[in-house]
Amino acid sequence: MIGEMDADMVVGYFGGKSILITGSTGFLGKVLVEKILRVQPDVKKLFLLVRAPDVESAKLRIQTEVTGREIFLVLKEKHGMGFDDFIEEKICPLAGDIMYENFGLDTANLRELSKDIDIIVNIAAITNFSERYDVAFDANVLGAKHVCAFARKCTKLKMLLHVSTAYVAGEQEGLILEKPFLMGETLREGTHLDIESELTLIRETRRELKDNCSSEKAERRTMKELGLKRARQFGWPNTYVFTKAMGEMLLGHLPGELPVVILRPSIITSILKEPLPGWMEGIRTDDHAVVIGYAKQTLPFFLVDLSLIMDVIPGDMVVNAMMVAMAAHSEERAQTIYHVTSSLRNPAPYAILADTGHRYFYDNPPRTGRNGEPARLNKMRFFSTVARLSLYMAVRYRLPLEMLRLVNIALCGFFSQRYDDLSRKYRFIVQLIELYAPYSLFKGCFDDMNTERLRMAMKKEQHSNIAEEFYFDFDPKSIDWDSYFYGVHIPGVLKYMRD
């Protein structure tokens, strides 16, 4: 049962706490680190685990990839000349990696760390849909295992929060509940998943590739194909969500005395309110592809059913939910799952993004001409099914490609390089369609009853009573999607994600 809370209680909770955060160099990690430091300067220490050969390299990564980013400008203004000293006092870099047992830390460091840590926040993940199976498994499965093992060693641990994804649900339709995965559970009837067997398969495949002296390129291709094959065999659409589901299974088998929260956000988008509306970094999603495609006029078509719901949630709302959940469940010996999503409370059809995108670029035409003149804006074509898009591509691209192949044969390979280049691009597009179809054609709706209870536990304070930065809003009903896409998200994507 969650007790009633207010913003002061949430902020106060982080005072004097030592927090281990993995994945701090990612988008969500930066937003979390910045908010904790901004609203609670009396936090004792943030231990940031980053991939680096030594502590000095880890410190440099944090300076350049975390605290040196635009999102920290408000905090810099707040502290002025004392910013660097404040960061030095509050942030402790750790050179390590969750893929290794004990994070690759030496025994002395590990022992001291386990005595200090009050809260663990595991955000680190490999999010590439078609990553090599071994690489994704190391981070998303073994990483979760190693975080669990470390959590057991922490003598005063009050909370372990693990960030997963709502799309561990695969391609389920209808209402998707906030329920945990059982060990070995799959999304395909008649199958059973054994995580140790998957690890053995990965190791045997790598050994075979090494014995056959396979090239690096061949090894990479084989391991990518293995991940997709195993994911689809058990009912998941790609390696990312498959390995994230396995990571959840391991967390579900932690001893009952440990407090665990699993947060499942949907598609995370740019910051809605604070500290920097529109800011985002590193995330490549359907909406990003549509916006950049419009801006550069390089994407003539896209696979999406405009009547379907695009479940997106701004990054600052995800972080607000994380912080409130940590305060609410501290020292509670149970596991709780939260869907931080929008499809149930405030559904946004893909049509809203398409309409606001076209309207935005009509009002603010992109200047892509040689002399910076406004581009001629062509409206993007949307296909609501894979079959329709495949037919279009066959006529528009595949048929001309086949004609080029025949001409190339007739001319003794004169167009070989041109044919190979176009053929490779065509295969790449087909692969992208297969990977993104489960999301752009997703027909599920994420239940968020647990998250709604968490929202209800927060006292209904008005913005007039507290500063915006101390307002932990994660209610999607407060979002006007048309206003957000037109005035915040699209300008943010263009400003921060153009390359």
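Glu34, Lys35, Arg38 and Glu274 are tied together in a network of salt bridges. A salt bridge here is a side-chain nitrogen of Lys or Arg within 4 Å of a carboxyl oxygen of Asp or Glu. By that rule, the count for this structure is 23 salt bridges. Before going on, some ground rules: this is a predicted model, where local features need pLDDT of at least 70, side-chain atom pairs count only at pLDDT 80 or more, and totals for chains, interfaces and linings use all residues. Residues are numbered from 1 along each chain as its sequence is written, and side-chain values use heavy atoms, with hydrogens and water left out.

Here are some of the individual pairs.

| Salt bridge | N to O distance |
|---|---|
| Lys59 and Glu88 | 3.2 Å |
| Glu65 and Arg61 | 2.9 Å |
| Glu219 and Arg132 | 2.8 Å |

The Lys59 and Glu88 pair links distant parts of the chain, with Lys59 in helix H3 (residues 55-65) and Glu88 in helix H5 (residues 83-90), 29 residues apart. Helices and strands are DSSP runs numbered from the N terminus (helices are H or I, at least four residues; strands are E, at least two). For exposure, buried means under 20% relative accessible area, exposed over 50%, and partly exposed in between, using a 1.4 Å probe and protein chains only. Lys59 is partly exposed at 26%, and Glu88 is partly exposed at 48%.

Glu65 and Arg61 both sit in helix H3, four residues apart, so they are separated by about one helical turn. Glu65 is partly exposed at 24% relative accessibility, and Arg61 is partly exposed at 22%.

Glu219 and Arg132 also join distant parts of the chain: Glu219 is in helix H9 (residues 216-233), while Arg132 is in the loop between strand E4 (119-122) and helix H7 (133-153), 87 residues away. Glu219 counts as partly exposed at 23%, whereas Arg132 counts as buried at 13%.

Now for the nonpolar side. A nonpolar core is a set of buried Ala, Val, Leu, Ile, Met, Phe, Trp, Tyr and Cys residues joined through side-chain atoms within 4.5 Å. The largest one holds 135 residues, and Leu32, Leu37, Leu46, Val121, Met322, Met323 and Met326 touch the most other members. Helix H12 (residues 315-329) gives the most to this core, with eleven residues. Apart from that core lies another, of 24 residues, including Leu113, Ala151, Leu160 and Leu258.

Contact means heavy atoms within 4.5 Å. Leaving aside residues up to four places away in sequence, Met323 touches Val10, Phe14, Leu32, Lys35, Ile36, Val39 and Phe472. Lys35 is also part of the salt-bridge network described at the start.

Next, a helix pair. Helix H13 (residues 350-363) and helix H17 (residues 481-496) pack at about 60 degrees, with axes 9 Å apart. That angle makes H13 oblique to H17, since angles under 35 degrees count as roughly parallel, over 145 as roughly antiparallel, 65 to 115 as roughly perpendicular and the rest as oblique. Axes are lines fitted to C-alpha atoms, for helices over the stretch in contact, and angles run from 0 to 180 degrees between N-to-C directions. On the H13 side, the contact includes Ile352, Leu353, Tyr360 and Phe361, and on the H17 side it includes Trp481, Phe485, Tyr486 and Leu494.

Last stop: Thr336, in strand E11 (residues 335-340). Thr336 counts as buried at 12% relative accessibility. Not counting residues up to four places away in sequence, Thr336 touches Val260, Val261, Ile262 and His329.
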